Amino acid sequence: MSATVDITPAETVVSLLARQIDDGAVVATGVASPLAILAIAVARATHAPDLTYLACVGSLDPDIPSLLPSSEDLGYLEGRSAEITIPDLFDHARRGRVDTVFFGAAEVDALGRTNMTASGSLEQPRTKFPGVAGAATLRQWVHRPVLLVPRQSRRNLVPEVQVATTQDPRRTVRLISDLGVFELGASGARLRARHPWATADDIAERTGFEFEVDESLAITPLPDARTVAAIRSLDPRGYRDQLVGR
């Protein structure tokens, strides 16, 4: 098969997410995490067969023959090696036993703060967002939190979040979007890589915060043929292309 000509942006982003997971790592997902689940399944099928997966529906290492429409689908209980409760998940994270979790957000700023709570103020919200669901503490406990914004715009990459739902000023955090890869933290934002279809100017146009750019800006590599085959086999309905912009 061709390794490059027909690879979609969504497949490149999913491949990049999968590469955030090392073989033998412990990874967990929360609610509304279809791209993270797909990335975990792809990592398991390719370079990380010995990862351990804690799914928020309450299963340890479930089978994932294909991506389901909802992250909370009880189909993710099939093939589990054990059951795990939400308190169990948080206990493992607090004890330093969870390596990687992907966190979404309605807003992200250059300091790495996220808003999953509301627009307006906490006291007088205009619109309520899905909510924190424990992410405020979980983000500080896992070894490698990764922020994910699959449709980057000035509405979600903002100068300052309206409500700071999660933050971790002790360390930098990686943000992966449909345009590139940022590093965010107390010293501000830096663009670490761009995806092949996006220029630095394109990214600046769709970023609401100021950022620095690496002198030799890396370009995200396209996934290899094995990874593309795994993505298409695990997501035959193409949900990935509905979730990732460009």
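This section describes a helix, its aromatic partners, two buried polar residues and a pocket in a predicted model.

Helix 3 spans residues 86-94, and its buried residues are Leu89, Phe90 and Ala93. These residues cover an arc of only 95° around the axis, which puts them on the same side of helix 3. An α-helix has 3.6 residues a turn, so residues three or four places apart point the same way. The face of helix 3 turned away from the buried side carries the exposed residues Pro87 and Arg94. The buried residues of helix 3 are covered by elements that include strand 1 (26-28), strand 2 (52-55) and helix 4 (135-141).

Both ends of helix 3 can be described further. At the N-terminal end, Thr85 acts as a cap, with a side-chain oxygen 3.0 Å from the backbone nitrogen of Asp88. After helix 3 comes Gly96, whose phi is positive, near 80°.

Aromatic pairs were examined next. A pair of aromatic rings is described by the distance of the centres and the angle of the planes. The structure holds 3 aromatic pairs. In one of them, the ring centres of Phe90 and Trp141 are 6.4 Å apart and the planes stand at 80°; planes over 60 degrees apart count as edge-to-face, so this pair is edge-to-face. The pair links distant parts of the chain, since Phe90 belongs to helix 3 and Trp141 to helix 4, 51 residues apart. Phe90 is among the buried residues of helix 3, whereas Trp141 counts as partly exposed, with a relative accessibility of 25%.

Phe182 and Phe209 form another edge-to-face pair, with 5.6 Å from centre to centre and 80° between the planes. This pair also links distant parts of the chain: Phe182 is in strand 12 (residues 180-185), while Phe209 is in the loop between helix 5 (200-205) and strand 14 (211-219), 27 residues apart. Phe182 counts as buried because its relative accessibility is 0%, and Phe209 is buried with a relative accessible area of 5%. Ring pairs join Phe182, Phe209 and Phe211 into a cluster.

Two further buried residues, Glu11 and Ser59, were examined through their contacts. Glu11 is found in helix 1 (residues 9-18). With a relative accessibility of 1%, Glu11 counts as buried, because buried means under 20%. Leaving out residues up to four places away in sequence, Glu11 touches Asp6, Pro223, Val228, Ile231, Arg232 and Arg240.

Ser59 is found in strand 3 (residues 59-60) and is buried, with a relative accessible area of 0%. Apart from residues up to four places away in sequence, Ser59 touches Tyr53, Leu54, Tyr76, Leu77, Arg80, Ala82 and Ile84. With Tyr76 there is a polar contact, in which the side chain of Ser59 reaches the backbone oxygen of Tyr76 at 2.7 Å. Ser59 and Leu74 are 15 residues apart in sequence, and their C-alpha atoms are 9.5 Å apart in space.

The last feature is a pocket. Rolling a probe the size of a water molecule over the atoms shows where empty space is left. The largest pocket holds about 840 Å³ of space. Its lining consists of 33 residues, of which Val31, Ala32, Ser33, Gly104 and Met116 lie nearest the centre. At least two residues of the lining come from each of helix 2 (34-45), helix 3, strand 5 (100-103), helix 4 and strand 10 (144-149). Helix 3 and helix 4 thus appear both in this lining and in the Phe90 and Trp141 pair.

Terms used: Residues numbered from 1 in each chain as written. Predicted model: local features only at pLDDT ≥ 70, side-chain atom pairs only at ≥ 80, totals over all residues. Heavy atoms only, no water. Buried < 20%, exposed > 50% of the residue type's maximum accessible area, 1.4 Å probe, protein only. Helix = DSSP H or I, 4+ residues; strand = E, 2+ residues; numbered from the N terminus. Arc of directions from axis to C-beta. Contact = heavy atoms within 4.5 Å. Polar contact = N/O pair within 3.5 Å; in protein donor to acceptor, adjacent residues only side chain to side chain. Phe/Tyr/Trp six-rings, centres within 6.5 Å; stacked < 30°, edge-to-face > 60°. 1 Å grid on protein atoms, 1.4 Å probe; cavity = no way out; pocket = protein on both sides within 12 Å on 5 of 7 lines; lining within 4 Å. Points joined across faces, edges and corners; volume = space filled by probe spheres on them.
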